[in-house]
Amino acid sequence: MPDVLGYARVSTKDQDLEVQRRRLREEAGAIQVFEDVISGKTFERPGLSELLKFSRKGDIICVVRLDRLGRSLKELLETVDDLKARGLAFRSLEERLDTSSAAGELVFHVFGAIAHFERRLIVERTRDGIAAARARGKKLGRPTLDEDKLASALKLIDAGVRPAQAAEQLGLGRSTMYRELALLRIAAQNTPALEFE
């Protein structure tokens with residue numbers, strides 16, 4: 001008989017995992033609950049990795065809500081596909097979704113189709129927007145660097161002006177100024193006469 005393994009996740013240490021733990025044990029009958037506390041920026045999940053190592057083919061991975069397993073529909077679908085490839089079923093209490101049943105798997109395939117449709121729409125809208133901008137005569141991409149402005153900025157820097165100030169005075173972007181300085185440093189590595197602060 002397959003075991004139910006719970007997975008609980010919160011974003012910060014200020015949030016409490018206890019409600020998820022209790023629901024996973026009492027409602028889902030999880031024999032063990034694996035946990036992660038992770039921020040939105042980094043999405044390394046040691047608790048989920050531990051769960052996958054512990055699980056056996058046929059087990060059911062259960063969460064309280066779908067967003068506990070993935071931050072986006074794409075990520076959620078990828079994770080559930082990985083579970084399926086490992087021979088694991090997936091269950092979500094809040095959405096009453098269970099991929100161990102035919103109906104649950106169908107619903108998940110519908111989610112996948114919606115995500116694919118959404119990605120196609122974004123690509124088409126982007127392509128249409130680019131075509132419309134070009135038709136209006138807009139030039140797309142990074143503007144070409146004004147070599148005269150760059151030469152003037154280098155003279156200012158040689159005179160002791162900080163690169164950020166030189167860029168601002170001449171209407172160049174700070175990142176552009178520092179990128180060009182870095183390229184010049186690389187080019188001048190074997191030329192000791194060229195030194196930049």
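Which helices each supply at least two residues of the lining of the largest pocket? The points below address this after an outline of the chain.

1. Basis and overall make-up. The structure is a predicted model. The secondary structure of the chain consists of seven helices and five strands. Read from the N terminus, these elements follow the order β-α-β-α-β-α-β-β-α-α-α-α. The chain has a radius of gyration of 27 Å, whereas the globule rule gives 16 Å for 197 residues; the former is well over the latter, so the chain is more spread out than a compact globule.

2. Dimensions, burial and contacts. The C-alpha trace spans about 75 × 45 × 30 Å along its principal axes. Of the 197 residues in the chain, 33% are buried. Among contacts with a separation of 6 or more, 60% are accounted for by residues 24 or more positions apart.

3. The largest pocket. The two helices asked about at the outset are α3 (73–85) and α4 (102–135), each of which supplies at least two residues of the lining. The space in this pocket comes to about 210 Å³. Its lining is formed by Leu77, Val80, Asp81, Lys84, Leu88, Ala89, Thr99, Glu105, Phe108, His109 and Gly112. By character, the lining residues divide into five nonpolar, three polar and three charged.

4. The aromatic pair. A pair of aromatic rings is described by the distance of the centres and the angle of the planes. One such pair is present in the structure. Its members are Phe34 and Phe54, whose ring centres lie 5.5 Å apart; the planes meet at 55°, so the pair is tilted, an angle over 60 degrees being needed for edge-to-face. The pair links distant parts of the chain, since Phe34 belongs to strand β2 (residues 32–37) and Phe54 to helix α2 (residues 46–54), with their positions 20 residues apart.

5. Accessibility of the two rings' residues. Are Phe34 and Phe54 buried or exposed? Phe34 has a relative accessibility of 7% and therefore counts as buried, the limit being under 20%. Phe54, by contrast, has a relative accessible area of 41% and is partly exposed.

6. Val64 and its surroundings. Val64 is placed in the loop between β3 (60–63) and α3. With a relative accessibility of 4%, Val64 counts as buried. Leaving aside residues up to four places away in sequence, Val64 touches Gln20, Arg23, Leu24, Ser92, Leu93, Glu94 and Glu95. The separation of Val64 from Pro2 is 62 residues in sequence and 19 Å in space, taken from C-alpha to C-alpha.

7. Arg96. What is noted about the backbone of Arg96? Arg96 is not a glycine, yet its phi is positive, at about 50°. This residue sits in the loop between β4 (89–92) and β5 (97–98). Arg96 has a relative accessible area of 77% and is exposed, because exposure requires a value over 50%.

8. Ala85. Helix α3 contains Ala85, and this helix also contributes to the lining of the largest pocket. Ala85 is exposed, its relative accessible area being 68%. Between Ala85 and Lys53, which are 32 residues apart along the chain, the C-alpha atoms are separated by 14 Å.

Methods. Residues numbered from 1 in each chain as written. Predicted model: local features only at pLDDT ≥ 70, side-chain atom pairs only at ≥ 80, totals over all residues. Heavy atoms only, no water. Phe/Tyr/Trp six-rings, centres within 6.5 Å; stacked < 30°, edge-to-face > 60°. Helix = DSSP H or I, 4+ residues; strand = E, 2+ residues; numbered from the N terminus. Buried < 20%, exposed > 50% of the residue type's maximum accessible area, 1.4 Å probe, protein only. 1 Å grid on protein atoms, 1.4 Å probe; cavity = no way out; pocket = protein on both sides within 12 Å on 5 of 7 lines; lining within 4 Å. Points joined across faces, edges and corners; volume = space filled by probe spheres on them. Nonpolar A, V, L, I, M, F, W, Y, C, P; charged D, E, K, R; others polar. Rg over C-alpha atoms; globule rule 2.2 N^0.38 Å. Contact = heavy atoms within 4.5 Å.
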